[in-house]
Amino acid sequence: MWAAGVLATLVTLAPPSEASALDPIVAGTKDVGLGGTISISHGTSDGFDTVTGLQLLPHVGFIVTDSAGPSLLRGNLEALVEPTLMHLGSDAGSATVLGVSTLARWIFSGTPRLRTYVEGGVGVLVGEPHLQQTDCETNFLLQAGTGVMVVLSDTTTLSVGYRFQHISNGGTCSFNVGINSSALYLGVNYFFR
């Protein structure tokens, strides 16, 4: 309920100008941002601890295409690189790991104030997690999600989203249960040409 109030307030602030740099986003636009997630694991076998996570996620992106596609799906393709600092914790232990992911994001054309998106990507994490689900120092991160960008100004957006994340060592070590998590994302993007 409070999130809807915050979103409604942000939408009424700082209207973008008529010639907004974000309406439409065009090929060649660059994106730098900072975000974070809070995650909690689910769907693992009985007997394994729930894993919670905090992630710090800076990113750099590049709008690859001009607006394209049929009316409801019309939007722009963005390619992103996202360094990851992740703290994972459970009753069995905790650890901080580092990594990097590449993501593809489809930003729907939407309205001048709201742009929804879907995204997906893969990454690698390094560091000993000390968790029941994996005994590997190198793990892989698969993720997909959706969200909305709230346009705050001609160059700045607030992003709110959801990501499903799967962490696994891909069978490269002897034990590989993996961790499936739901993550809530909040971030700020700065777009420029």
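Two strands pair if DSSP finds at least two bridges between them. Helices (H or I, at least four residues) and strands (E, at least two) are themselves DSSP runs, numbered from the N terminus.

The model is predicted: local features need pLDDT of at least 70, side-chain atom pairs count only at pLDDT 80 or more, and totals for chains, interfaces and linings use all residues. Residues are numbered from 1 along each chain as its sequence is written, and side-chain values use heavy atoms, with hydrogens and water left out.

**Exercise 1. Describe the barrel and the pairing of its strands.**

Step 1. Eight strands close into a barrel in the order β1-β2-β3-β4-β5-β6-β7-β8, with antiparallel pairing. Neighbouring strands of this sheet are turned by 25° against each other on average, direction ignored. For such angles, axes are lines fitted to C-alpha atoms, for helices over the stretch in contact, and angles run from 0 to 180 degrees between N-to-C directions.

Step 2. Recall the general principle: strands of a sheet pair through backbone hydrogen bonds, either parallel or antiparallel.

Step 3. Examine single pairs. Strand β3 (residues 75-90) and β4 are antiparallel partners over 16 bridges, and T84 stands opposite G99 in β4. Twelve bridges join β6 and β7 in the antiparallel sense; here G147 has G161 in β7 as its bridge partner. A hairpin through four residues connects β6 to β7. Between β7 and β8 the antiparallel pairing also runs over twelve bridges, and the bridge partner of H166 is N180 in β8.

**Exercise 2. Trace the network of salt bridges that links E78, E82, R105, E119 and R163.**

Step 1. Apply the criterion: a salt bridge is a side-chain nitrogen of Lys or Arg within 4 Å of a carboxyl oxygen of Asp or Glu. A search of the whole structure finds four salt bridges.

Step 2. Begin with R105 and E78, whose closest N and O atoms are 3.8 Å apart. This pair links distant parts of the chain, as R105 is in strand β4 and E78 in strand β3, 27 residues apart.

Step 3. Continue with R163, which forms a salt bridge with E82 at 2.9 Å between the closest N and O atoms. Because R163 lies in strand β7 (residues 156-168) and E82 in strand β3, the pair ties together parts that are 81 residues apart in sequence.

Step 4. Add E119, which forms a salt bridge with R163, the closest N and O atoms again being 2.9 Å apart. E119 is in strand β5 (residues 114-126) and R163 in strand β7, 44 residues apart.

Step 5. Classify the residues by relative accessible area: buried means under 20%, exposed over 50%, and partly exposed in between (1.4 Å probe, protein chains only). R105 is buried at 2%, and E78 is buried at 0%. R163 counts as buried at 1%, E82 at 2% and E119 at 7%.

**Exercise 3. Locate the disulfide and state where its two cysteines lie.**

Step 1. A disulfide is a pair of cysteine sulfur atoms within 2.5 Å. By this rule the count comes to one.

Step 2. The disulfide is formed by C136 and C173, with sulfur atoms 1.8 Å apart. Its angle about the S-S bond is 65°, and the link is right-handed.

Step 3. C136 lies in the loop between β5 and β6 (138-151) and C173 in the loop between β7 and β8 (179-192), so the pair ties together parts that are 37 residues apart in sequence.

Step 4. C136 counts as buried at 4% relative accessibility, whereas C173 is partly exposed at 25%.

**Exercise 4. Identify the residues of the nonpolar surface patch, and place V100.**

Step 1. Patches are made of residues with over 30% relative accessible area and no salt bridge; like charges are joined within 9 Å, and nonpolar side chains (Val, Leu, Ile, Met, Phe, Trp, Tyr) within 5 Å. Accessible areas come from the Shrake-Rupley method with a 1.4 Å probe, and for residues only the protein chains shown count as cover.

Step 2. V32, V60, V81, V100, Y190 and F192 make a nonpolar surface patch of about 450 Å².

Step 3. V100 is placed in strand β4 (residues 93-108). With a relative accessible area of 38%, V100 is partly exposed.
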